[in-house]
Amino acid sequence: GDFNAKYIKGKHKWENMFRMKFGLMKLGAKEIRKNEDFWELNSNYGLKASKKWYYSIGFNLKSQFAKGYKYPNDSVVVSNFFSPGYLYSSLGLEYTPSKKNRFLLSPVTFKSVFIIDTSMVEHTQYGIPQYSKSKRELGAYVKINYTFNFNDDIYLENHFHLFTDYKSLKKIDLDWEANLRVNIGPFFIINFSIHLMYDNDVTFPVYDDSGAEIGRESKLQFKEYLGLGAAYKF
(Lines give C-alpha, C1' and ligand atoms only; values in the text may rest on other atoms or scores of the structure.)
Protein backbone atom coordinates (compact mmCIF):
# COMPACT_ATOMS: atom_id res chain seq x y z
CA GLY A 1 0.00 0.00 0.00
CA ASP A 2 1.05 3.59 -0.65
CA PHE A 3 0.20 6.53 1.60
CA ASN A 4 0.95 10.14 0.69
CA ALA A 5 0.70 13.50 2.47
CA LYS A 6 1.90 16.86 1.22
CA TYR A 7 1.85 20.54 2.14
CA ILE A 8 2.43 23.24 -0.51
CA LYS A 9 2.36 26.98 0.08
CA GLY A 10 4.09 29.61 -2.02
CA LYS A 11 7.69 28.58 -2.67
CA HIS A 12 7.62 25.88 -0.01
CA LYS A 13 6.54 22.27 -0.22
CA TRP A 14 6.80 19.32 2.17
CA GLU A 15 6.03 15.88 0.77
CA ASN A 16 5.80 12.58 2.66
CA MET A 17 5.24 9.05 1.39
CA PHE A 18 5.01 5.67 3.09
CA ARG A 19 5.12 2.46 1.05
CA MET A 20 4.72 -1.07 2.35
CA LYS A 21 4.42 -4.64 1.09
CA PHE A 22 3.87 -7.78 3.11
CA GLY A 23 2.81 -11.19 1.86
CA LEU A 24 2.97 -14.88 2.73
CA MET A 25 2.99 -18.02 0.63
CA LYS A 26 2.28 -21.61 1.61
CA LEU A 27 4.71 -24.38 0.71
CA GLY A 28 3.46 -27.91 1.22
CA ALA A 29 0.99 -28.80 3.94
CA LYS A 30 2.44 -26.75 6.82
CA GLU A 31 5.31 -24.48 5.83
CA ILE A 32 4.55 -20.77 5.35
CA ARG A 33 7.18 -18.31 4.14
CA LYS A 34 7.28 -14.60 3.39
CA ASN A 35 7.27 -13.65 -0.26
CA GLU A 36 7.09 -9.87 0.37
CA ASP A 37 8.31 -7.84 3.34
CA PHE A 38 9.26 -4.23 2.79
CA TRP A 39 8.48 -0.73 4.00
CA GLU A 40 9.84 2.67 3.02
CA LEU A 41 9.35 6.18 4.41
CA ASN A 42 10.25 9.29 2.39
CA SER A 43 10.14 12.88 3.58
CA ASN A 44 11.36 15.86 1.51
CA TYR A 45 11.27 19.61 1.98
CA GLY A 46 11.64 21.74 -1.15
CA LEU A 47 12.25 25.44 -1.72
CA LYS A 48 11.33 26.52 -5.25
CA ALA A 49 14.31 27.64 -7.34
CA SER A 50 12.43 27.95 -10.67
CA LYS A 51 9.22 26.70 -12.26
CA LYS A 52 10.14 22.99 -12.05
CA TRP A 53 13.28 22.94 -9.87
CA TYR A 54 13.51 22.87 -6.07
CA TYR A 55 16.35 23.00 -3.58
CA SER A 56 15.72 19.82 -1.63
CA ILE A 57 16.58 18.33 1.74
CA GLY A 58 15.12 15.07 3.02
CA PHE A 59 15.54 11.46 3.98
CA ASN A 60 14.65 7.96 2.85
CA LEU A 61 14.30 5.24 5.49
CA LYS A 62 13.57 1.60 4.69
CA SER A 63 13.58 -1.81 6.32
CA GLN A 64 11.24 -4.78 6.85
CA PHE A 65 8.59 -5.89 9.37
CA ALA A 66 9.31 -9.50 10.33
CA LYS A 67 12.18 -11.96 10.66
CA GLY A 68 13.80 -13.50 7.60
CA TYR A 69 15.44 -16.94 7.73
CA LYS A 70 18.24 -18.81 5.98
CA TYR A 71 15.90 -21.24 4.23
CA PRO A 72 15.62 -24.20 4.23
CA ASN A 73 17.05 -23.79 7.75
CA ASP A 74 14.33 -21.76 9.50
CA SER A 75 16.26 -21.65 12.78
CA VAL A 76 18.87 -19.18 11.47
CA VAL A 77 17.69 -15.55 11.38
CA VAL A 78 19.30 -13.43 8.63
CA SER A 79 17.19 -10.26 8.97
CA ASN A 80 14.65 -8.60 11.23
CA PHE A 81 12.90 -5.27 11.89
CA PHE A 82 15.56 -2.53 11.45
CA SER A 83 18.11 -5.31 10.97
CA PRO A 84 19.14 -4.12 8.52
CA GLY A 85 17.78 -0.61 8.25
CA TYR A 86 18.86 1.90 5.59
CA LEU A 87 18.78 5.68 5.95
CA TYR A 88 19.69 8.11 3.16
CA SER A 89 19.93 11.77 4.24
CA SER A 90 20.18 13.92 1.13
CA LEU A 91 20.82 17.52 0.10
CA GLY A 92 20.46 18.51 -3.54
CA LEU A 93 18.11 19.54 -6.33
CA GLU A 94 14.76 18.07 -7.34
CA TYR A 95 13.23 18.34 -10.80
CA THR A 96 9.44 17.97 -10.93
CA PRO A 97 8.09 17.99 -14.51
CA SER A 98 4.67 16.77 -13.28
CA LYS A 99 2.82 15.82 -10.10
CA LYS A 100 3.70 12.11 -10.36
CA ASN A 101 7.24 12.42 -11.74
CA ARG A 102 10.28 13.71 -9.86
CA PHE A 103 14.02 13.37 -10.15
CA LEU A 104 16.26 13.99 -7.14
CA LEU A 105 19.96 14.69 -7.69
CA SER A 106 21.89 14.80 -4.43
CA PRO A 107 25.68 15.30 -4.49
CA VAL A 108 25.74 15.34 -0.67
CA THR A 109 24.17 12.21 0.80
CA PHE A 110 24.91 10.31 3.98
CA LYS A 111 24.02 6.63 3.80
CA SER A 112 23.64 4.76 7.09
CA VAL A 113 23.23 0.99 7.42
CA PHE A 114 22.40 -0.28 10.89
CA ILE A 115 21.53 -3.49 12.70
CA ILE A 116 19.47 -3.30 15.89
CA ASP A 117 19.35 -7.06 16.56
CA THR A 118 23.04 -8.02 16.41
CA SER A 119 22.41 -10.94 18.79
CA MET A 120 20.49 -12.81 16.07
CA VAL A 121 21.51 -11.17 12.76
CA GLU A 122 25.07 -11.57 11.46
CA HIS A 123 25.75 -7.90 10.74
CA THR A 124 29.03 -8.39 8.86
CA GLN A 125 27.09 -9.82 5.90
CA TYR A 126 25.71 -6.29 5.43
CA GLY A 127 29.15 -4.67 5.38
CA ILE A 128 29.05 -3.51 9.01
CA PRO A 129 32.33 -3.89 10.96
CA GLN A 130 32.55 -6.74 13.48
CA TYR A 131 32.34 -4.61 16.62
CA SER A 132 29.80 -2.06 15.43
CA LYS A 133 26.07 -1.85 14.82
CA SER A 134 26.20 0.63 11.95
CA LYS A 135 28.14 1.89 8.96
CA ARG A 136 28.09 5.37 7.39
CA GLU A 137 29.14 6.51 3.93
CA LEU A 138 29.24 9.87 2.13
CA GLY A 139 28.38 9.84 -1.54
CA ALA A 140 26.11 10.85 -4.40
CA TYR A 141 22.48 9.79 -4.62
CA VAL A 142 19.91 9.72 -7.42
CA LYS A 143 16.23 9.00 -6.75
CA ILE A 144 13.65 8.81 -9.53
CA ASN A 145 9.90 8.30 -9.27
CA TYR A 146 8.44 8.11 -12.76
CA THR A 147 5.02 6.95 -13.97
CA PHE A 148 4.20 6.18 -17.60
CA ASN A 149 0.47 6.15 -18.40
CA PHE A 150 -0.65 3.90 -21.24
CA ASN A 151 -4.25 5.02 -20.62
CA ASP A 152 -6.45 5.87 -17.62
CA ASP A 153 -6.48 2.26 -16.37
CA ILE A 154 -2.99 0.96 -17.21
CA TYR A 155 0.19 2.60 -15.99
CA LEU A 156 3.80 1.71 -15.16
CA GLU A 157 5.37 3.03 -11.94
CA ASN A 158 9.15 3.17 -11.54
CA HIS A 159 11.00 3.70 -8.26
CA PHE A 160 14.74 3.99 -8.84
CA HIS A 161 17.53 4.59 -6.28
CA LEU A 162 21.25 4.81 -7.07
CA PHE A 163 24.02 5.55 -4.58
CA THR A 164 27.80 5.60 -4.94
CA ASP A 165 30.33 6.12 -2.18
CA TYR A 166 32.92 8.84 -2.81
CA LYS A 167 35.65 6.63 -1.32
CA SER A 168 35.18 4.15 -4.14
CA LEU A 169 33.09 5.27 -7.11
CA LYS A 170 33.07 1.68 -8.41
CA LYS A 171 30.86 0.73 -5.45
CA ILE A 172 27.31 1.29 -6.68
CA ASP A 173 24.11 0.45 -4.81
CA LEU A 174 21.07 -0.05 -7.05
CA ASP A 175 17.40 -0.43 -6.15
CA TRP A 176 14.90 -0.40 -9.01
CA GLU A 177 11.26 -1.42 -8.73
CA ALA A 178 8.87 -1.40 -11.70
CA ASN A 179 5.15 -1.91 -11.07
CA LEU A 180 2.66 -2.42 -13.88
CA ARG A 181 -0.83 -1.66 -12.56
CA VAL A 182 -4.10 -2.44 -14.32
CA ASN A 183 -7.29 -1.01 -12.82
CA ILE A 184 -10.33 -3.30 -12.88
CA GLY A 185 -13.35 -1.20 -12.05
CA PRO A 186 -13.20 1.36 -9.24
CA PHE A 187 -11.87 -0.88 -6.46
CA PHE A 188 -9.53 -3.61 -7.78
CA ILE A 189 -6.12 -3.67 -9.44
CA ILE A 190 -3.82 -6.28 -10.98
CA ASN A 191 -0.21 -5.59 -10.13
CA PHE A 192 2.86 -7.10 -11.81
CA SER A 193 6.11 -6.10 -10.13
CA ILE A 194 9.81 -6.56 -10.93
CA HIS A 195 12.37 -5.62 -8.30
CA LEU A 196 16.15 -5.47 -8.86
CA MET A 197 18.60 -4.80 -6.03
CA TYR A 198 22.38 -4.72 -5.81
CA ASP A 199 24.47 -3.62 -2.83
CA ASN A 200 28.24 -4.06 -2.79
CA ASP A 201 28.24 -4.51 0.97
CA VAL A 202 25.54 -7.22 1.12
CA THR A 203 27.10 -10.63 0.57
CA PHE A 204 25.71 -14.12 -0.01
CA PRO A 205 27.34 -17.53 0.50
CA VAL A 206 29.17 -19.23 -2.36
CA TYR A 207 29.18 -23.05 -2.46
CA ASP A 208 31.41 -25.60 -4.19
CA ASP A 209 30.15 -28.65 -6.09
CA SER A 210 29.80 -30.63 -2.86
CA GLY A 211 27.58 -28.00 -1.26
CA ALA A 212 30.19 -26.65 1.18
CA GLU A 213 30.36 -22.89 1.70
CA ILE A 214 33.67 -21.56 0.35
CA GLY A 215 33.17 -17.80 0.62
CA ARG A 216 30.79 -14.88 0.17
CA GLU A 217 30.17 -12.41 -2.65
CA SER A 218 27.79 -9.64 -3.71
CA LYS A 219 25.00 -10.59 -6.10
CA LEU A 220 22.23 -8.97 -8.08
CA GLN A 221 18.89 -9.78 -6.43
CA PHE A 222 15.81 -10.25 -8.59
CA LYS A 223 12.18 -10.69 -7.62
CA GLU A 224 8.94 -10.73 -9.60
CA TYR A 225 5.40 -10.70 -8.27
CA LEU A 226 1.88 -10.94 -9.67
CA GLY A 227 -1.08 -10.11 -7.48
CA LEU A 228 -4.68 -8.91 -7.26
CA GLY A 229 -5.44 -6.18 -4.76
CA ALA A 230 -8.00 -3.64 -3.63
CA ALA A 231 -7.55 0.13 -3.79
CA TYR A 232 -9.54 3.03 -2.42
CA LYS A 233 -8.67 6.70 -2.89
CA PHE A 234 -9.66 9.33 -0.34
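Helices and strands are here runs assigned by DSSP, with at least four residues for a helix and at least two for a strand, numbered from the N terminus. By that criterion, the protein has zero helices and 15 strands. The model is a predicted one.

The overall dimensions come next. The C-alpha trace spans about 60 × 45 × 30 Å along its principal axes. The radius of gyration is 19 Å, which agrees with the value near 17 Å that a compact globule of 234 residues would have. Of these 234 residues, 36% count as buried, where buried means under 20% relative accessible area. Among the contacts with a separation of 6 or more, 49% are made by residues 24 or more positions apart. The exposed surface of the protein amounts to about 14,300 Å², and carbon and sulfur atoms supply 63% of that area.

The backbone deserves attention in the loop between strand 6 (73-79) and strand 7 (85-95), where proline 84 is found. A cis peptide bond joins this proline to serine 83, with omega at about 10 degrees. Phenylalanine 82 lies in that loop as well, between strand 6 and strand 7. Its phi is near 60 degrees, a positive value in a residue other than glycine.

The interior may be considered next. Rolling a probe the size of a water molecule over the atoms shows where empty space is left. The structure holds one cavity of 30 Å³ or more, and about 40 Å³ of space lies in the largest cavity. Its lining consists of Arg19, Phe38, Glu40, Lys62, His159, His161, Asp175, Glu177 and His195. Strand 3 (31-48), strand 10 (154-165) and strand 11 (168-184) are the elements that each give two or more residues to this lining. By class, five of the lining residues are charged, three are polar and one is nonpolar.

Which residues lie closest to the centre of the second largest pocket? This pocket has a volume of about 1,500 Å³. Of the 49 residues that line the pocket, Gln64, Ser79, Tyr126, Gln221 and Lys223 are the closest to its centre. Strand 3 gives the most to the pocket lining, with six residues; strand 3 is also among the elements that give two or more residues to the lining of the largest cavity. The pocket lining comprises 23 nonpolar, eleven polar and 15 charged residues.

Notes:
Residues are numbered from 1 along each chain as its sequence is written. This is a predicted model: local features need pLDDT of at least 70, side-chain atom pairs count only at pLDDT 80 or more; totals for chains, interfaces and linings use all residues. Side-chain values use heavy atoms; hydrogens and water are left out. On a 1 Å grid over the protein atoms alone, a cavity is a set of points where a 1.4 Å probe fits but cannot get out, and a pocket is an open set with protein on both sides within 12 Å along at least five of seven lines; lining residues have an atom within 4 Å of a point. Grid points are joined across faces, edges and corners, and a volume is the space filled by probe spheres set on the points. Ala, Val, Leu, Ile, Met, Phe, Trp, Tyr, Cys and Pro count as nonpolar, Asp, Glu, Lys and Arg as charged, and the others, Gly among them, as polar. The radius of gyration is taken over C-alpha atoms; the globule rule is 2.2 Å times the number of residues to the power 0.38. Buried means under 20% relative accessible area, exposed over 50%, partly exposed in between (1.4 Å probe, protein chains only). Contact means heavy atoms within 4.5 Å. Accessible areas come from the Shrake-Rupley method with a 1.4 Å probe; for residues, only the protein chains shown count as cover.
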